[in-house]
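Grab a pencil and keep the viewer open. The exercises below go from the whole chain down to one residue, each with a solution worked in steps.

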Amino acid sequence: MYQSTTYTLHLRVFLGLFLFVSLIGSAQPPKYYPAGEIKLALKKMNILGSALYMAAHPDDENTAMLAWLAKDRLVRTSYLAITRGDGGQNLIGSEQSELIGLIRTQELLQARRVDGAEQYFTRGNDFGFSKSTEEALQIWDKEKVLADVVWVIRNLKPDVIITRFPPTAQAGHGHHSASAVLAEEAFVAAADPKRYPEQLKYVQPWQVKRLVWNAFTPNFTNDPPPGGNYVMAPLGNYNNLLGKSYTEIAGESRSMHKSQGFGSARSRGQRNDYLQHKLGEQAQSDIFDGVDLSWKRVKGSETVAALLQKAYQTFDAENPAASVPSLLEAYRAMEKLPQQDYYVQQKKKELTEIIVACTGLSYEGNTVSYAGTPGQSLRFYANVVKRSDVPVLWKSVQLLNTPKDSTIGKELKNNEALNLPISLTIPKEIQYTQPYWLANPPAKGMYTVNDQLLIGKPEATPQLTAAFHFQIQGIDFTLNRPISYKWVDPVQGELYRPFEVRPAVMINLDEKSIVFPATEAKTLGVLLKAGAGAVKGELRLEVPKGWKVSPEKLSFDLAKAEAEQKVAFVITPPANASEGTLKAVAKLADGQEISLGLRTIDYDHIPVQTLFPVAQAKVIRLDVRTAGKNIAYLMGAGDDVPTALRQMGYSVTMLTANELKADVTEWQRFDAIVLGVRAFNTEERLKYYQPKLMQYVENGGVVLVQYIVNRGVVTDEIGPYPFELSRDRVTVEEATVTFLKPQHPLLNTPNKITAKDFEGWIQERGLYFAQKWDSRYEVLLSCADPGEKPQDGGLLVANYGKGRFIYTGYAFFRQLPGGVPGAYRLFANLLAPVNGSVK
């Protein structure tokens, strides 16, 4: 379980939950401010206001609106996503569920670094497409998610809330409309001290001025929607200090959503969006009508306002350091104001960043390795350089959550870099690096987070953070920077990686689902990896009742950090169908037991992400028979179906460019060719090789095409006969499946498919079903969400020549890696050769 006692105490000592978000990033290079950005930040110092944008998922946000609010209106701007996008598809890899949610969390954070907004979340889990508001709110646990929205509002104190979607079916997705419903209810609840009174230990009720909907613009023109009460937002404006328009910034920001294939153009030219009044005091001509955005919101702040205005007017872009004395004077004046005031806290943080930028001060803490273990000795380097003549004293550097506090006492010289080595011991009680919302088992539709002060945050503060203590002309500043690992890649140059606190040993199983199609035993490989030093002990597997494992335990001895040792156990299933969970447990010489693996997610556009999931796997004794042996697989957007096929006993060949170029006669060695999810969307070569696939079918082969998105298809010719895709899907995984042709061979050979085979499915039945098809296709199955018409286009089958073509929208890409027995049985039937032997 995730513990955060030290971290929580640290937050309470400081100024509140959401105050230092921008100062504590995750392994990002130090941010340097060009003169234009400093000038813009100075202008923002005299703007006291906040806007909260709300929607359901990563990519829902209007990045142009966020950029305009943050960089034109200069208010504190935040995006609250109800979910982390855990239920979506992945165009850059095979990660699904909580792993794609982790990737999209980081993509959102990268987007916010571009458009200038902040990022927040609720505990809601994206459980997949939802067709109704009611379903979404029921699965999410409405009361808990609403509490999270209220918590974020009370912390950020927005003057205006903007929803991306309306609370009606016009939103097009139950999550979308539910996000608007939650926003409207939270608008009222956040101001009511009787609602969620447990939050008032940390925050106060807050009344938002108004709530508006970022209305859909007809045909993406600059014309207002018909009817309604609207105010206009000129999102296409150009910012001279940045050299970009807000729509150009928006394109860069949106292009961070790479796992969704949302690379976007940097649009130029005017774009007007319209905001429709929903709740609160109605605006007449501007979204902030009636909102005092000046320092008048803080009693006695006249001197501060005047000093900040003077600093803005006299700023010299060629000599930012000349502004430091007047900025420090404003800082001293600000310290005379009530320090618990929300606006004073926020503006002190912003002013500190400006002073540091004008001083030319850079500071970071870098370790000699990217990982360590509790109790380990660690060396890191405190790097500081000041590039101006402003007098700065480096007093000390402290490692938060440790007793380490090193006194420096050194006056910094202009452009003289200091790189001081510091040794410390990682506290034994420190927690492992882990996304906080994944530390506890989730409930359906909700992540489990028990610490109120973590709720809403995009990620937890890194366990090891360096606090640099400086004195600038008599004023003390404490500047925090997470400890990170920095190195130079020969291709990409200087890179940063978050420092990881790891277990002493990590246990990775070769498979996350182990399928036994018969009673024969299987060998499971287990990779043990040392954390930061030598470690030895014994490893055992805990298996369900009725299963057997040999040997009972194995010894391991890892001589140094990062050392690996591969061991193997033989697992024997019971005679009858059975499911359960296998768990690997390492017992160390000191008696400590560890049962955690290692999962690293490494993409160029986000910081490296590390998880330590429980070292366990699903074991399934299947009642399944297969026909055919050799399968070819052409990967699309990315999935784990090939692994599942190998588990069933198939020999799987991944089709490469050379394989595609081969003569079709060479393909006849394959009993079936399977196309991965969205292959006809992502694999450009299919427009040229589709005729060869059909020739392979005609010669007697089986081609199985998994779901295709109905837009962006590389060719309209997918099968031997035409069919038309839709966006139709069946989202209720328990939806009843009707057998339209119960005697069809594919429902009977080699496995007799029954209703039981559709039990235990996860997330959904299927998606992107066909809506029209040639009469030569047969439809075998039908299903529907409650209250909707039957969807028959989830499984199309056509005999062509001597072979067979199949299109399926049923979500095998989720069911097979998830270990759903019936999905294995049905998929085996679909892969069966037209005339093949049964095993």
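**Exercise 1: Charges and surface**

Work out how far apart the mean positions of the positive and negative charges of the chain are.

*Solution.* Start with the counts: the chain carries 93 positive and 88 negative charges. Take the mean position of each set, and the two points come out 2 Å apart. Keep in mind that this is a predicted model. Now for the surface: the accessible area of the chain is about 33400 Å², and carbon and sulfur atoms make up 49% of that.

**Exercise 2: Overall fold**

Decide whether the chain is compact or extended for its length.

*Solution.* First, list the parts: there are 18 helices and 45 strands. Next, compare radii: the radius of gyration is 29 Å, close to the 28 Å that the globule rule gives for 839 residues, so the chain is as compact as a globular protein of that length. The C-alpha trace spans about 90 × 70 × 55 Å along its principal axes. Then look inside: 59% of the 839 residues count as buried. Finally, check the contacts: of those with a separation of 6 or more, 75% join residues 24 or more positions apart.

**Exercise 3: An annotated span**

Find the helix and strand content of residues 532-582.

*Solution.* Begin with the record: UniProt, in an unreviewed entry, lists residues 532-582 as "domain: Alpha-galactosidase NEW3". In the model, this span is 0% helix and 61% strand. Its end C-alpha atoms lie 27 Å apart.

**Exercise 4: Helix H5**

Which residues of H5 are buried?

*Solution.* Helix H5 covers residues 133-140, and 6 of its 8 residues are buried. Going along the helix, these are Thr 133, Glu 135, Ala 136, Leu 137, Ile 139 and Trp 140. Now look for the cover: it includes helix H6 (142-156) and helix H7 (174-189). Last, step off the end of H5 to Asp 141, where phi is positive, near 70°.

**Exercise 5: Ala 637**

Is Ala 637 buried or exposed?

*Solution.* Locate Ala 637 in the loop between strand E33 (630-634) and helix H12 (641-647). Its relative accessible area is 6%, and the cut-off for buried is under 20%, so Ala 637 is buried. Beyond its neighbours within four places in sequence, Ala 637 contacts Asn 90, Leu 91, Ile 92, Gly 93, Val 677, Arg 678 and Thr 682. For a sense of scale, try Ser 362: its C-alpha atom is separated from that of Ala 637 by 41 Å, with the two positions 275 residues apart along the chain.

Notes
Residues numbered from 1 in each chain as written. Predicted model: local features only at pLDDT ≥ 70, side-chain atom pairs only at ≥ 80, totals over all residues. Heavy atoms only, no water. Helix = DSSP H or I, 4+ residues; strand = E, 2+ residues; numbered from the N terminus. Rg over C-alpha atoms; globule rule 2.2 N^0.38 Å. Buried < 20%, exposed > 50% of the residue type's maximum accessible area, 1.4 Å probe, protein only. Contact = heavy atoms within 4.5 Å. Areas by Shrake-Rupley, 256 points an atom, 1.4 Å probe, with all protein chains shown as cover. Lys, Arg positive; Asp, Glu negative; His and termini not counted. Charge placed at Lys NZ, Arg CZ, Asp CG, Glu CD. UniProt positions renumbered as here; feature names shortened; annotations may be inferred.
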